[in-house]
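Here's a quick tour of the structure below. Have the sequence and the 3D view handy as you read.

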Amino acid sequence: MTPPGWTIRALLRLSAGLIVWASGFVFLYAGFSLGCQLWAPPPEDGLSNPVTLMLAGFMLVHLAAMLTLGWLWWFRPVVAAADESESSRRIRHRVEGLVLACSIFALVWIAFPVFMVAPCAG
Amino acid sequence: MNETAGVSEDRRELTRLFSTPPGFGRLAAVNHSVIGLRFMLVAAMFFILGGLLAMLLRAQLAIPGNEFLDNEAYNQIFTMHGTVMMFLFAIPLIEGLALYFIPKFLGARDLSFPRLSAFGFWCYLFGGLILLGSMFAGVAPDSGWFMYTPLSGREFTPGINADVWLIGVTFVEVSAIAFGIELVATVLKVRSAGMSLGRMPLFGWYILITALMMVIGFPPLILASILLEIERAFAWPFFDVALGGDPLLWQHLFWLFGHPEVYIIFLPAAAVVSMMVPTFARRPLVGYHWVVGAIIATGFISFGLWVHHMFTVGIPHLALVFFSAASMFVALPTTIQFFAWLATLWQGRPVRRLPMLYLFGFLFIFVCGGLTGVMLALVPFNWQAHDTHFVVAHLHYVLIGGFVFPVIAALYYWLPLFSGKEVSGRLGQWAFWLLFIGFNLTFLHMHLTGLVGMPRRVYTYPEGLGWEWLNLVSTIGGFIMTAGFAALLLDVIATVRTGAPARRNPWQAGTLEWSLDHPPAVYNFASLPEVRDVEPLWEQPDLEEDVRAGRGYLGRARNDWQETLGVHAISGRPDQIILLPGPTYMPLITASCLLVFFLSFLLGIYWLSAIGAAASLLAALRWAWAGGLDRDWPDQDAGQGLKLPLHPQVIEAPGWWGMLAGLLCNGTFFITALFGYLYLWAVAPQWPPESFIDTGMLLPAATVLAAFLALLAFHRAVGNNASGQGRPVPALLAAGLMSALALAGCAMQIATGLPHPTTHAYVALTTFLLGYCGLHALIAGVLGVYCWLRLRAGYVSARRSLDLRLARIWAGYTAAVMIIVVVLVQGMPLLLGEAS
């Protein structure tokens, strides 16, 4: 009998990459909004300013978290529940990997504007 | 011979147990097939209404300077068209489809909470009737289906038109939340033996993610509606810019719901496509795990796009690019699904059948809608096309292409199953071509109408702008499309009334529902199957016969119980027998109490509204009281030599999952409220307020302490109950008392530390957050007393501890939100505040 905590962890692991992506999204959007409210740099500073630095930091932290998940996926793959078939476990493992790859791509994709646009202009 | 007689006797007994009583007893129905069909039929009625409204709009726009409708009527009609189609047709149809089919796909006899889905139906019906009634009373909503402030505020919409929308839609949303909770618990726990997550039909995955999206996506709209209704009724200025509010907060909250809703509508449609394509391609779907990953990715990423509906409101460049990038990215998981369907057809041996015709219509139209969606995600183009007919054309390509065509395909595909009649096909083909040609004639060049400058929501236009022929052709196309829907309706009615009896499994599909009688028996499966593949009928040829002969699980009725199998959420290993409730009037009574609450609020009779709210709470408790067991039962024979516990005696009972899903919904509501608080603090121009909360630190600290002591007391009660060492009763009474103190603490902070909420949005939101905490403390206190009474009545024991554990989870949530609110409310002024 697997405890409820195990089941929830298994379900969360399936979408772990996207949970980290969602966190990255919130940090980027909230960090940008609050950063521009509190420490708005002059537009002529371009990309050299504390808000861009902070957002880049958020992105790197989340990217590091995703890479850690990637390491786990590769070296510590999901284990089967009691009575779970190997094919079912393998599908969970593949879905986890696909979701993670998609999350890394999505994070980089939505974060690249941070390095292209002055944060508080417009 | 004797074995056959025994099977017949078991089937008769199952029919008796699962049947809905006749006459007025139909109002007590909880069976998922009955409730699902009711949802679909009522949604179809609303679809016809929404279609007629669309015809009125098209008739008005057919020629310039038309006086068929005046401005006021046009505003009401386009608002109601959007509202009916989105809230009363699309979402409820999905709900009906899923409620009807999920147990049949997953190999179960019913859903995890049949009474909850019945309650959801009544909420939907009552909310819909409020909106419908307003049309006949001439006070229908008229501010557009997204109800933007300040147009929908008291100043510019002084009548009850906007209130009707806010209250009617919120009532309907209760139904959507009920659905979300129901389906999360059902898909995770109520499946057939052996159906691990990796063997679940894709429909299950789609509905699981859709249900989770509803649980997370609808609370922002409910919050927005509550805030706007409070502003309109009591002048708390959440959206009034002069008093610290911001109309853009409404847009954020609305589209936080509104954009995921597009995917909430699309994913179930994609689900039916993923069920049909393998059948007609004669092979399993290519890339099952790719599609599962794509569904999960769509579910998450669709929450990160909402600002693309607000590109023109004045947003910093970085945010524009940020949301533009996310909007383009969501095309990726959708594309994966498309390629999986195409690859399946490519690799299989496709056969031409009527549902396939509609699937090709879907593929063509939805791809076009997706491409214009990518165009609209580009900021410069969006600025040009915003609020023009281009957007109207785009959204109809997405919603009709991505939802209506697959749903019609599904209707024809499963018609033999739920009607027991064969599909003839000829009139259905006529209907398809009328719909396909009519649709494209209406909307294809409407893109051009928008690009040449015609805005949305104008009731007429002058000659000479070049819009005349475009609008006339759209109107002609609209009427051709209506003829197509009429032909479809006629075909379905003719099939159901006079069609030849359906052959068994006429499409030779591989999924479980086709092993059922056509139409299915009220209990679905005579005995519950054990599956070893995603398409078990293709891989297990004897399965159908075994199920019919009672050689599966739970093949015999006993003790007047309605039983189905509960499984481990991941592995599909049977772990409990779920006892399902029989017909009851409680869902109708509870929904009726809510109707009193909502209607009296709409009419401004607030004392009656308070009575309605209290009656709803009492009805909900009475409803909950009827569940559970009044004594411990030994493990029961489930068949196949397996003995299993009854669900009230299991840790991971469906109710436990339901509570988690409910709190996920509640938590989203709370986080959205925090977002509103921080958003106004950061963005609204009339901040800071005159003064901040002034209670000192003792009162907030005591309030938080009381909430945590209540949690500790619940924890102690659970521990005492489990170990048998010490009585849980004193701990429960202490939990009730501490919760009451926490409630009092919240009330005192509001009464002594804050000015009147009408003075500033800061005060209004702070009062709202503290009120939210107080309400949770009140419910925790009521749960303490409820658990004590259950204990006394014998419904709780060391084995039957679900009531206590659920109350503990609630108390934990209450303590968590209490400390977050107190830290935020007391901390923000210290951190950022400098009162003006």
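## Ser474 of chain B

Ser474(B) counts as buried because 23 C-beta neighbours sit inside 10 Å, and the cut-off for that label is 20 or more. Keep in mind that this is a predicted model. The serine belongs to helix H16 of chain B, which covers residues 468–498.

What does Ser474(B) touch, once residues up to four places away in sequence are left out? The list is Arg58(B), Thr442(B) and Met446(B). There's also a long jump in sequence here: Leu61(B) is 413 residues away along the chain, yet the C-alpha atoms of Leu61(B) and Ser474(B) are separated by 9.0 Å.

## Chain B as a whole

Zooming out, chain B is built from 25 helices and four strands. Its radius of gyration comes to 27 Å, close to the 28 Å that the globule rule gives for 836 residues, so chain B is as compact as a globular protein of that length. Along the principal axes, its C-alpha atoms fill a box of roughly 85 × 85 × 50 Å.

Buried residues account for 57% of the 836 residues in chain B. As for contacts with a separation of 6 or more, 81% of them are between residues 24 or more positions apart.

## Helix H19 of chain B

H19(B) runs over residues 586–602, and its 17 residues should span 24 Å at 1.5 Å a residue; the end C-alpha atoms are 24 Å apart, which agrees. Is this helix mostly covered or mostly exposed? Mostly covered, with 12 of the 17 residues buried. Among the buried ones are Met586(B), Pro587(B), Ile589(B) and Thr590(B) towards the start of the list, and Phe597(B), Phe598(B), Phe601(B) and Leu602(B) towards its end.

And what do those buried residues pack against? Three helices of chain B: H4 (114–136), H5 (161–189) and H20 (606–625). After H19(B) comes Gly604(B), which has a positive phi, near 80°.

## Helix H25 of chain B

H25(B) takes in residues 802–832, 31 residues in total. From first C-alpha to last it reaches 44 Å, close to the 45 Å expected at 1.5 Å a residue. Where does this helix bend? At Gln826(B), by about 30°, and a proline, Pro829(B), follows within four residues.

Arg805(B) is also part of H25. This arginine is buried, with 20 other C-beta atoms within 10 Å; a residue needs 20 or more to get that label. Arg805(B) has a distant partner in sequence too: Phe714(B) is 91 residues away along the chain, but the two are 8.2 Å apart in space, C-alpha to C-alpha.

## Chain A

Over to the other chain. Chain A has four helices and zero strands, so to put its order from the N terminus on in symbols by the definition of those elements, it reads α-α-α-α. How does its radius of gyration stand against that of a compact globule of 122 residues? Such a globule would be near 14 Å, but chain A has 19 Å. Its C-alpha atoms fill a box of roughly 60 × 25 × 20 Å along the principal axes.

In chain A, 37% of the 122 residues are buried. Of the contacts between residues at least 6 apart in sequence, 78% join residues at least 24 apart.

## Where the chains meet

Now for the interface: 32 residues of chain B are in contact with 39 residues of chain A. On the chain B side, the elements giving two or more residues are helix H8 (288–301) and helix H9 (317–329). H8(B) gives the most, with nine residues. By type, the chain B side divides into 21 nonpolar, eight polar and three charged residues.

One helix pair at this interface is worth a look on screen. The axes of H4(A), residues 86–111, and H9(B) come within 8 Å and cross at roughly 145°. Which residues make the contact? From H4(A) they are Ala106(A), Trp109(A) and Ile110(A), and from H9(B) they are Phe322(B), Ala325(B), Ala326(B) and Phe329(B). That gives seven nonpolar residues, no polar and no charged.

Note on methods. Residues are numbered from 1 along each chain as its sequence is written. Chains are lettered from A and ligands numbered from 1 in the order in which they are written. This is a predicted model: local features need pLDDT of at least 70, side-chain atom pairs count only at pLDDT 80 or more; totals for chains, interfaces and linings use all residues. Two residues are in contact if their C-beta atoms, placed from the backbone, lie within 7 Å. Ala, Val, Leu, Ile, Met, Phe, Trp, Tyr, Cys and Pro count as nonpolar, Asp, Glu, Lys and Arg as charged, and the others, Gly among them, as polar. The expected span of a helix is 1.5 Å times one less than its number of residues. The bend at a residue is the angle between axes fitted to the seven residues ending there and the seven starting there. The radius of gyration is taken over C-alpha atoms; the globule rule is 2.2 Å times the number of residues to the power 0.38. Axes are lines fitted to C-alpha atoms, for helices over the stretch in contact, and angles run from 0 to 180 degrees between N-to-C directions.
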